[in-house]
Amino acid sequence: MEPDDRSALMESDPHAEPQAQALAQAGALVPAGSIFSAPITVGPYTIITASTVAGGSGFGSGFRRMLPGMDGTAGGLGGGGGTAGRPVAVIILGPDGVTVQPIVDVTRIAMSALVVAGLVALCWRRR
């Protein structure tokens, strides 16, 4: 984002500056070591694993008046977040060059197939 665009955004939305600061700091939450592992050398080969990392967070609040005849208000707030990562490939550097071998997660594929099959069965049954 260009500096002029950023200042125009800050003037139009008072919440934009804290959001921009939070996004700027988000990169520090996923350091390079969580995407690519440290290289492991075995003989003439060097092995590096590559992973995918995803994360999210949220915050919410709600307040309401009590029922008629009751004093006060009721409400609450909360937030949370998390990250998840999984290996997706192995990078092998050797005398013959570089090879990238994908990691196939058979359990993930089977679970996805079961979910799709369940949804198809549910849709078919509702016909």
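Which residues make the nonpolar surface patch of about 350 Å²? In this predicted model, the patch is formed by I40, V42, Y45 and I47. Two strands contribute to the patch. Both β1 (40–42) and β2 (45–65) supply at least two of its residues.

Two members of the patch were examined in turn. V42 belongs to strand β1. Its relative accessibility is 51%, so V42 is classed as exposed. The cut-off for that class is over 50%. Y45 sits in strand β2. Here the relative accessibility is 39%, and Y45 is therefore classed as partly exposed. Both residues can enter a patch because membership requires over 30% relative accessible area. V42 was also placed relative to a residue further along the chain. V42 and G94 are separated by 52 residues in sequence, while their C-alpha atoms are 9.8 Å apart. G94 is the last residue given for strand β3 (residues 73–94).

The overall architecture was considered next. The protein holds 3 helices and 4 strands. Read from the N terminus, the order of elements is α-α-β-β-β-β-α. The chain has 127 residues, of which 5% count as buried. Burial here means under 20% relative accessible area. The accessible surface of the protein amounts to about 10,400 Å². Carbon and sulfur atoms account for 62% of that surface. Contacts were also sorted by sequence separation. Among contacts with a separation of 6 or more, 37% join residues 24 or more positions apart.

Two glycines of strand β3 illustrate pairings across the sequence. G85 is located in this strand, which covers residues 73–94. G85 has a relative accessible area of 58% and is therefore exposed. Its C-alpha lies 6.5 Å from that of S51, although 34 residues separate G85 and S51 in sequence. Beyond neighbours within four places in sequence, G85 contacts T52 and V53. S51, T52 and V53 carry numbers within the 45–65 range of strand β2.

G78 is likewise part of strand β3. With 35% relative accessibility, G78 falls in the partly exposed class because its value lies between the 20% and 50% limits. G78 and F59 are 19 residues apart in sequence, with a C-alpha to C-alpha distance of 5.8 Å. When neighbours within four places in sequence are set aside, G78 is in contact with G58, F59 and G60. These three partners also carry numbers within the 45–65 range of strand β2. Strand β2 thus recurs in the results: β2 supplies at least two residues of the nonpolar patch, and its residue range includes the listed contact partners of G85 and of G78.

Conventions. Residues are numbered from 1 along each chain as its sequence is written. This is a predicted model: local features need pLDDT of at least 70, side-chain atom pairs count only at pLDDT 80 or more; totals for chains, interfaces and linings use all residues. Side-chain values use heavy atoms; hydrogens and water are left out. Patches are made of residues with over 30% relative accessible area and no salt bridge: like charges are joined within 9 Å, nonpolar side chains (Val, Leu, Ile, Met, Phe, Trp, Tyr) within 5 Å. Accessible areas come from the Shrake-Rupley method with a 1.4 Å probe; for residues, only the protein chains shown count as cover. A salt bridge is a side-chain nitrogen of Lys or Arg within 4 Å of a carboxyl oxygen of Asp or Glu. Buried means under 20% relative accessible area, exposed over 50%, partly exposed in between (1.4 Å probe, protein chains only). Contact means heavy atoms within 4.5 Å.
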